[in-house]
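Please consider the following protein model. The explanation below moves from a single side chain to its partners and then to the chain as a whole.

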Amino acid sequence: NPETSSKMQRMLLAEAEMGLRQVGLARQRLAEGRYGECQRCGEPINPARLAALPAAECCLGCADQARV
């Protein structure tokens with residue numbers, strides 16, 4: 001179905017664009033010496049979390065709170 005295919009392409013493009021924005025923000029934090037620091041509480045982000053999600057902005061605790 002061409003309509004479904006087009007919708008899927010738009011969703012994939014939006015997801016890729018969001019990923020690029022997140023990487024850009026992570027690079028900015030790195031340049032500013034703030035990479036690995038939670039943007040909400042200021043505590044260090046667990047290295048295992050950064051290994052899994054290099055563009056993570058928040059520690060796991062703050063990310064969980066944000067989802068509630």
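**A salt bridge and its surroundings**

Glu 57 counts as partly exposed, because its relative accessibility is 32% and the buried class is reserved for values under 20%. The model is a predicted one, and Glu 57 offers a convenient point of entry into it. Which residue does the side chain of Glu 57 meet in a salt bridge? The partner is Arg 29, and the N to O distance is 3.9 Å. That distance satisfies the criterion for a salt bridge, which requires the nitrogen and the carboxyl oxygen to lie within 4 Å. This pair links distant parts of the chain: Arg 29 belongs to helix α1, whereas Glu 57 sits in the loop between α2 (47–52) and α3 (60–67), and 28 residues separate them.

The two partners may be examined in turn for their accessibility. Arg 29 has a relative accessible area of 4% and is therefore buried, whereas Glu 57, at 32%, is partly exposed. What surrounds Arg 29, leaving aside residues up to four places away in sequence? Its contacts are Arg 34, Tyr 35, Gln 39, Ala 55, Ala 56 and Glu 57. Glu 57, the salt-bridge partner, is thus listed together with Ala 55 and Ala 56 among the residues that Arg 29 touches.

Arg 34, another contact of Arg 29, has a salt bridge of its own. Its partner is Glu 32, and the closest N and O atoms of the two are 2.4 Å apart. Arg 34 is classed as partly exposed because its relative accessibility is 28%. Glu 32 falls into the partly exposed class as well, since its relative accessible area is 42%.

The count of salt bridges comes to 3. One of them joins Arg 67 to Asp 64, with the closest N and O atoms 2.9 Å apart. Both residues lie in helix α3, where they are 3 residues apart, or about one turn of the helix. Here Arg 67 is exposed, because its relative accessible area is 60% and the exposed class begins over 50%. Asp 64, at 35% relative accessibility, therefore counts as partly exposed.

Attention now turns to the nonpolar side chains. Which residues form the largest nonpolar core? It has 8 members, namely Cys 38, Ile 45, Leu 50, Ala 56, Cys 58, Cys 59, Cys 62 and Ala 63. Ala 56 belongs to this core and is also one of the residues touched by Arg 29. Cys 59, another core member, touches Cys 38, Cys 41, Pro 44, Ile 45 and Arg 49 when residues up to four places away in sequence are not counted. Of these contacts, Cys 38 and Ile 45 are themselves listed in the core.

Nonpolar side chains also appear at the surface. Met 8, Met 11 and Leu 12 make a nonpolar surface patch of about 310 Å², and Leu 12 has its place in helix α1. The same helix, which spans residues 2–31, holds Glu 17. At 39% relative accessibility, Glu 17 is therefore partly exposed. The C-alpha atoms of Glu 17 and Arg 27, 10 residues apart along the chain, are separated by 15 Å.

In helix α2 one finds Ala 48, which counts as exposed because its relative accessibility is 53%. From Ala 48 to the core residue Cys 58 the sequence separation is 10 residues, and the C-alpha atoms are 13 Å apart.

These local features can be placed within the whole protein. It has 3 helices and 0 strands, and the pattern read along the sequence is α-α-α. The C-alpha atoms fill a box of roughly 50 × 30 × 20 Å along the principal axes. How does the radius of gyration stand against that of a compact globule of 68 residues, and what is its value? The protein has 15 Å, whereas such a globule would have a value near 11 Å.

Of the 68 residues, 19% count as buried; Arg 29 is one of the residues in the buried class, because its relative accessible area is 4%. The accessible surface comes to about 5400 Å², and carbon and sulfur atoms contribute 58% of it. Among contacts with a separation of 6 or more, 25% are between residues 24 or more positions apart.

Key. Residues numbered from 1 in each chain as written. Predicted model: local features only at pLDDT ≥ 70, side-chain atom pairs only at ≥ 80, totals over all residues. Heavy atoms only, no water. Helix = DSSP H or I, 4+ residues; strand = E, 2+ residues; numbered from the N terminus. Buried < 20%, exposed > 50% of the residue type's maximum accessible area, 1.4 Å probe, protein only. Patch = residues over 30% accessible without salt bridge, like charges linked within 9 Å, V, L, I, M, F, W, Y side chains within 5 Å. Areas by Shrake-Rupley, 256 points an atom, 1.4 Å probe, with all protein chains shown as cover. Core = buried A, V, L, I, M, F, W, Y, C linked by side-chain atoms within 4.5 Å. Contact = heavy atoms within 4.5 Å. Rg over C-alpha atoms; globule rule 2.2 N^0.38 Å.
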